[in-house]
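Good morning, and thank you for the time. I would like to take you through the strand arrangement of one model, sheet by sheet.

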Amino acid sequence: MPDAGGTRLKMILTGQQPQPSVSGALCPLCEAEVPHQVTSRGQFRVLFCSNCQLQFSSPMENPGADFYQEFYLYADRDDAHRASGRGPDWRFQTCLKLCRADAGPKLLDIGCADGEFLALARTQGFDVFGIDFDERAVQKARRLRQLEHVMTGPCESLKCIEGWTEFDVITLFDVLEHLSSPLGTIVTVRELLKPGGKVCITVPRLDRYPRVFDEAADFPPHHLTLWTAHALAVMLRTAGFDEVRIMEKPLLLQDLWKHLKWPTLRYIRKLKANPRDLIESGHSSSPKPSRVAGLVKKPLRMSLQPLNWVLQAGSLGRGHTLLALGTKPFSGS
Ligand SMILES: [Zn+2]
């Protein structure tokens, strides 16, 4: 592969951008030329880099906060307290097993949303900080969870916030796939960590199954990148991390339902309102679930567990999400 280490890192640190070729596009991670596209979605081409195994969008353009406020997958943000009725979150639990507060308590969550993980980390002894570009979510994090150190802003603003440095742990849960410069963000993360500090990242796995049921969620403009374990390791090592560890969250039936429920409910609602609306595409605001639905969630989740074991026993239960952990070395930082 092309120089995935020093040269690329120097370009990022000095603000230089790789120049795309006329016929193809340069991989935003390893800079290999990628001449063939997988598919397209509107103005976006979707390409796969066989060199580092990253799938990426061309152009790499984040659609902005307004898009996410309307996108149906974020409807939960309208009712943050319902999070307490959900099952344990594999991403959060795994991260808190790998990163302990007694090894260093200062933790930053990038893309903190309404602060669900920050509130959990606080109970484990962490001194928590968070940033998200959704002002509405940040307000809820302050009001509903009494989180003090949460701010609104893009990742690029992190280096300008006084006192927000020398972190022991920085987390990005399902954030990287939305960013126009994922490698640049991880380089910034390394600068904000103490030597020996850890970064914990989760991303959707490239070949996961929910796209079969809800394709829009895994393509641009929603997800600009989809990741393999190899691509994650390339990114962390290019950004200067070592002791890289990659884990897979198994596919659960609940994952499939999460991606299936809102399109299904929206379809039914439109069918009742006006059958002609069915020809419309795109995602609008979502219906809210009833209180009855909240009461049956826990027993339903328990009854699904044996089926999940069966699912995971075969190849169908491959990873839904990848979790990567990297450590900032004590030397060369
Ligand atoms: Zn690449």
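**Two sheets and their helices**

Let me begin with one pair of strands: strand S9, residues 167-173, and strand S10, residues 193-204, run parallel to each other and are joined by 6 bridges. Within this pair, valine 169 faces lysine 198 of S10. Please keep in mind throughout that we are looking at a predicted model.

This pair belongs to a wider assembly. An open sheet is built from 7 strands, and their order is S8-S7-S6-S9-S10-S13-S12, with mixed pairing. At its edges are strand S8, residues 150-152, and strand S12, residues 242-250, each of which pairs on one side only. On average, and with direction ignored, neighbouring strands of this sheet are turned by 15 degrees against each other.

Let us now turn to strand S6, residues 106-110. Of the 5 residues in S6, 4 are buried, and the strand is thus described as mostly covered. S6 has parallel partners in S7 and in S9. With S7 it shares 5 bridges in the parallel sense, and here aspartate 109 has glycine 130 of S7 as its bridge partner. The connection between S6 and S7 passes through helix H4, and this β-α-β crossover is right-handed. With S9, S6 is joined in parallel by 3 bridges, and leucine 107 has valine 169 of S9 as its bridge partner. Valine 169 therefore appears in both descriptions. We thus meet valine 169 again: opposite lysine 198 in S10, and as the bridge partner of leucine 107.

Two helices deserve mention alongside this sheet. Helix H4, residues 116-123, packs on the sheet and touches S6, strand S7 (127-132) and S9, and its direction makes about 175 degrees with that of S7. Helix H8, residues 229-238, lies across S10, S12 and strand S13 (319-327), and runs at about 150 degrees to S12.

I move now to the other sheet. It is open, with 4 strands in the order S3-S4-S5-S11 and antiparallel pairing. S3 and strand S11, residues 225-226, are its edge strands, each pairing on one side only.

Going through this sheet in order, S3 and S4 pair in the antiparallel sense over 4 bridges, with threonine 39 partnered by valine 46 of S4. The two strands form a hairpin with 2 residues between them, and glycine 42 in the turn has a positive phi of about 60 degrees. S4 in turn pairs with S5 in the antiparallel sense over 5 bridges, and the bridge partner of arginine 45 is serine 58 in S5. This second pair also forms a hairpin, with 4 residues between the strands; glutamine 53 in the turn has a positive phi of about 65 degrees. Finally, strand S5, residues 54-58, is joined to S11 by 2 bridges in antiparallel fashion, and phenylalanine 56 stands opposite threonine 225.

One residue remains to be placed. Is glutamine 43 buried or exposed? Glutamine 43 lies in the loop between strand S3 (37-41) and strand S4 (44-49). Glutamine 43 counts as exposed because 11 other C-beta atoms lie within 10 Å, and the cut-off for exposed is 12 or fewer. Its C-alpha atom is separated by 9.9 Å from that of serine 57, which is 14 residues away along the chain.

Thank you for your attention.

Notes: Residues numbered from 1 in each chain as written. Predicted model: local features only at pLDDT ≥ 70, side-chain atom pairs only at ≥ 80, totals over all residues. Pairing = 2+ DSSP bridges. Axes fitted to C-alpha atoms, helices over the stretch in contact; angles between N-to-C directions. Contact = placed C-beta atoms within 7 Å. Buried ≥ 20, exposed ≤ 12 C-beta atoms within 10 Å, placed from the backbone. Right-handed = clockwise from strand over helix to strand, strands pointing away.
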